[in-house]
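Me: I have a structure here and some terms I keep tripping over. Can we go through them one by one?

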Amino acid sequence: MSWIEVGELAEIPRLGARVVRTAGGNIAVFRTATDAVFALDDKCPHKGGPLSQGIVFENRVACPLHNWVIDLQEGCAVGPDTGCTRKHEVKVEAGKVFLLPSTAA
Amino acid sequence: MREKLVLIGNGMAGVRTLEELLKLAPDAYDITVFGSEPYGNYNRILLSPVLAGEKTIDDIMLNDDAWYSSNGITLHKGKKVTKIDRRKRIVTTEDGTDASYDRLLLATGSNPFVIPVPGNNLPGVITFRDIYDVDRMLEASQNYKHAVVIGGGLLGLEAANGLKLRGMNVTVVHLMDTLMERQLDPVAGAMLKKSLEDRGLHFLMAHSTEAIVGDEHVKGVRFKGGLEIAADLVVMAVGIRPNTDLAKSAGLHCERGIVVNDTMQTYDPRIYSVGECVQHRGIAYGLVAPLFEQAKVCANHLAQLGYSRYEGSLTSTKLKVTGIDLFSAGDFIGDDSTEDIVLKDAARGVYKKIVLKDNKIHGAVMYGDTVDGAWYFQLMRDEIDVSDLRENLMFGQHHLGDSGHGQTNRVAAMEDSAEVCGCNGICKGDIVKAIIGKKLFTLEEVRAHTKASSSCGSCTGLVEQLLAHTLGGDYSQTPKKKSMCGCTEFTHDEVREGIRVNRLKTMQTARDFFQWKNPDGCQSCRPALNYYLLSTWPSEYVDDAQSRFINERAHANIQKDGTYSVIPRIWGGETNPAELRAIADVAEKYEVPTVKITGGQRIDLLGVKKEDLPKMWADLSRAGFVSGHAYGKALRTVKTCVGKTWCRFGTQDSTTLGIKLEKLTWGSWTPHKFKMAASGCPRNCAEATIKDFGVVCVDSGYELHVGGNGGVKVRATDLLCKVETEEEVLEYCAAFMQLYREEGRYLERTAPYLERVGLSYVKQKIVEDPSGRKILAERFYESQKYAQVDPWKQHAEAEDQGEFVPLSKIG
Ligand code: SRM
Ligand SMILES: Cc1cc2nc3c(=O)[nH]c(=O)nc-3n(C[C@H](O)[C@H](O)[C@H](O)COP(=O)(O)OP(=O)(O)OC[C@H]3O[C@@H](n4cnc5c(N)ncnc54)[C@H](O)[C@@H]3O)c2cc1C
Ligand code: SF4
Ligand code: FES
């Protein structure tokens with residue numbers, strides 16, 4: 001796959017997320033306070049909760065279902081919880097967000 | 001070059017300080033540690049269960065050699081420091097090893113006290129302090145028969161219990177006539193003695209040791225008055241003395257312990273000290289919980305953050321003898337200025353005594369059933385006026401029912417397989433195993449690692465007791481003030497007061513003002529801050545959607561599969577065919593899989609896709625519905641019964657009253673959810689007495705009830721007052737809600753709020769002060785002007801549907 005433009009950075013709220021719908025399921029695209037963007041499968045490693053719906057702070061998101069905290073850079077739960085969700089490459093150029101969906105399982 | 005930090009004393013307090021420091025500033029220092037014991041750092045508390053054969057030395061290691069090396073710490077094991085040269089800033093050990101420092105941390109612990117009697121240095125006479133001592137006791141238990149333990153305090157009894165379990169014949173000698181007299185009153189002491197005697201221990205009370213007899217090895221103990229008993233092993237457990245030798249020899253100011261200030265600094269500003277060797281504001285502590293608080297503060301200053309202070313601790317104690325539950329805190333003996341409440345049920349083996357002074361809990365001692373210990377301790381620490389709780393105080397916080405774990409109250413007697421946390425299915429055995437295996441000390445840690453007590457919280461008391469029982473102290477409650485979250489040292493009350501007084505009107509100014517440690521805050525403080533700002537500045541504050549939990553952000557409840565539920569407001573629970581038809585149409589149009597009547601007399605449309613929400617709301621809105629706020633920390637439902645319109649017993653029109661109440665209060669944000677009900681007569685079919693605000697109609701008017709809830713911990717309301725007109729009901733309701741809105745802490749429902757401030761206080765504000773009541777009600781009406789906007793309609797009509805639709809679709 002190659003980089004796909006998915007929208008404007010401005011369409012994602014700061015300290016928030018939007019989802020990109022794909023054939024392989026939703027991908028959550030997060031935006032931090034400092035405008036860094038991260039993309040993860042919208043599936044919590046715990047019980048599949050939609051991470052895009054969580055509260056974002058620093059480089060982390062708190063899952064809306066049972067409050068696990070997931071690190072956005074690697075997609076892994078912050079200790080002592082364990083488990084990771086798949087991450088995807090994402091970048092911002094001239095205000096536009098580009099996604100490179102990962103195909104690895 | 002990095003500064004050099006040297007730690008003397010490789011024990012619990014010192015190493016804890018390093019752990020805290022590494023979390024704050026991993027690279028600040030080159031660290032060197034000296035410890036006179038030949039081990040890494042271990043959990044001294046658990047020496048008792050090791051002696052009793054319930055744990056092994058491996059189980060109790062906290063940090064092994066690998067931990068030191070992976071953190072770049074130089075560890076000198078088995079080396080005792082004998083000299084500190086403060087001018088050259090060098091410490092030197094017995095064998096001449098030395099290290100220079102920029103900052104020095106003294107954590108030398110304490111020494112067991114050995115009573116000055118002849119024979120006290122004979123082989124076979126030992127103390128109970130470290131692994132070496134335990135090894136010697138185990139050795140003795142294999143070769144000898146008779147053990148005498150001098151000292152009937154915590155340590156002595158744990159030693160005695162352990163030696164007995166190892167097969168020795170054990171006699172405990174105590175100078176006083178009550179065991180553990182510093183922790184227990186005579187009644188509880190006698191009950192404890194009885195259960196220990198049932199386990200086969202012998203006691204010699206009120207006996208003073210005159211000499212230890214023997215030539216090459218101890219043979220016996222002789223008491224004043226001439227009695228002599230046989231002994232092959234004598235354990236001295238009569239107390240500890242802060243180990244100040246080294247500090248004194250270096251010329252540091254010491255009294256009973258090494259004197260430190262609130263930043264844990266000694267008189268030499270380069271030298272800090274923590275642990276049992278320390279004397280802070282006149283007190284030397286002998287339990288781990290306060291030492292860990294000291295460690296935290298000390299680390300903060302070593303990391304040069306400089307914002308935290310140690311202000312002393314309140315401690316409570318537990319005996320770690322499997323099968324025995326006891327708890328004590330504060331002054332439980334009392335004097336002329338105090339009064340006691342006592343419950344004694346000898347057949348059940350239960351004894352509780354609470355000492356009150358000026359209507360506040362001054363101390364408590366409990367035997368047998370200790371599950372409320374944490375609650376009493378909290379009431380004591382927070383200096384709560386308990387006059388209003390007094391009737392029920394003895395029966396504990398749970399006497400009205402606590403869902404999820406039935407009647408369990410004897411933690412010590414629980415089977416390992418007994419379920420403690422009903423939400424997450426965690427058993428006693430799992431929790432104890434985690435406390436030991438994962439080296440947990442606090443409630444927060446147990447929550448994080450086991451999930452027990454992390455959901456509905458109804459088992460918190462049990463988990464705290466398990467912690468106390470496993471580790472012997474109370475690790476969840478010691479800090480005198482509880483900060484809002486890890487992002488700040490300030491409490492909920494301080495933050496809210498600061499927002500008001502300093503006129504802070506945005507999230508950012510509030511976080512800057514209080515110097516939040518994490519610039520963004522976290523998932524627990526952000527929603528709280530958002531609420532405080534909103535309730536303080538209703539007309540000005542711009543709500544921060546990203547600081548709201550998803551339910552409030554999306555105005556619907558998220559379900560386990562990521563879909564949402566929609567619950568329209570049904571005023572007072574009364575509806576009509578047109579409304580029902582509209583709901584039915586919406587349900588069909590959006591293929592809602594489940595339609596259900598809720599526990600709150602409304603209709604729930606479950607399984608709605610997020611992107612359908614705005615369209616569905618638009619349809620509902622056209623049919624006249626507004627949001628039911630079933631998702632919010634907000635006014636929820638007003639349940640009603642049919643009342644006098646139909647019911648043969650009805651005394652007033654409770655349905656219409658309920659609708660009026662709901663029209664008045666809908667849309668308001670509250671610290672936690674707020675539920676109401678109006679019943680037409682004392683038969684109370686609307687369950688008004690388990691609501692935050694409940695009205696029970698009577699022939700002569702309306703009884704107003706406050707502070708009830710169903711849920712996790714059922715609490716029936718308290719009667720606030722009786723009024724005569726509907727207008728009054730509405731005004732009192734507005735005033736009460738406003739008081740709670742202004743004073744309730746975020747996520748504190750009216751029940752705990754009421755218990756915290758006391759019913760008398762609320763009566764004083766709402767009932768006895770008519771002008772104050774009117775002012776409160778006015779403030780409520782004012783804030784409602786901005787709050788009564790239907791969020792569903794707003795979102796349905798909004799141009800930006802970003803929250804509800806995907807950013808894009810690909811593939
Ligand atoms: C839908 C409903 C169950 C039902 O199918 O009947 C329900 C569903 C939930 N309740 Fe409830 N409660 C519902 C009536 C109740 C009632 C009964 C009542 O209101 O008369 C109670 C006990 C009464 C009370 O609150 O005093 C109740 C006590 C709780 C509690 C415990 C509150 C407490 O103070 O102990 C929670 C947990 C919490 O709020 O932290 C809770 C939390 C929840 C949550 C929000 C859990 C969550 O965070 O997701 C559930 C949302 C599911 C959803 O998405 O819809 N629910 N819940 C009921 C909605 C009523 C409504 O019309 O708005
Ligand atoms: C058997 C037992 C049971 C206990 N049970 C409980 C309980 O249930 N709950 C509770 O809260 N507390 C309990 N305690 C008390 C608790 O263990 C102590 O409060 C705590 O360990 C004190 O920590 P510390 O770091 O101040 O001292 P320590 O842990 O004693 O550490 C001090 C260390 O410094 C070393 N040292 C001293 N001088 C020098 C020197 N000059 N050079 C190098 N090293 C030196 C010592 O060898 C020691 O290893 C118990 C204690 C014992 C012995
Ligand atoms: S609706 Fe309430 S009681 Fe039922 S499972 Fe959910 S939170 Fe528990
Ligand atoms: S599904 Fe995310 S925490 Fe449970």
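Me: Which domains does the domain assignment of chain B give?
Reply: The assignment gives domain 1 (3-110 + 242-302), domain 2 (125-238), domain 3 (492-548), domain 4 (551-622) and domain 5 (635-787). These bounds come from an automatic or database domain assignment. The model is predicted: local features need pLDDT of at least 70, side-chain atom pairs count only at pLDDT 80 or more, and totals for chains, interfaces and linings use all residues. Residues are numbered from 1 along each chain as its sequence is written, chains are lettered from A and ligands numbered from 1 in the order in which they are written, and side-chain values use heavy atoms, with hydrogens and water left out.

Me: Why is Asn243(B) called buried?
Reply: Its relative accessible area is 17%. Buried means under 20%, exposed over 50%, partly exposed in between (1.4 Å probe, protein chains only). So Asn243(B) counts as buried.

Me: What is Asn243(B) in contact with, leaving aside its neighbours within four places in sequence?
Reply: Thr108(B), Gly109(B), Ser110(B), Asn111(B) and Cys277(B). Contact means heavy atoms within 4.5 Å.

Me: What makes the pair of ligand 1 and Gln559(B) a polar contact?
Reply: An oxygen atom of ligand 1 is 2.2 Å from an N or O atom in the Gln559(B) side chain. A polar contact is a pair of N or O atoms within 3.5 Å; within protein, one must be able to donate a hydrogen and the other to accept it, and residues adjacent in sequence count only if both atoms are side-chain atoms. So this pair qualifies. For the side chain of Lys596(B), the distance from an N or O atom to a ligand 1 oxygen is 2.9 Å. For a polar side-chain atom of Lys675(B), it is 2.8 Å.

Me: How do you know that ligand 1 lies between two domains?
Reply: Domain 4 (551-622) and domain 5 (635-787) of chain B both give residues to its shell, so ligand 1 lies between them.

Me: Which residues touch the most other members of the largest nonpolar core?
Reply: Leu157(B), Leu163(B), Leu192(B), Leu196(B), Leu233(B), Val235(B) and Ile431(B), out of 70 residues. A nonpolar core is a set of buried Ala, Val, Leu, Ile, Met, Phe, Trp, Tyr and Cys residues joined through side-chain atoms within 4.5 Å.

Me: Why is this core said to lie between domains?
Reply: Domain 1 (3-110 + 242-302) and domain 2 (125-238) of chain B both give residues to this core, so it lies between them. Apart from it lies another core of 47 residues, including Leu5(B) and Val81(B).
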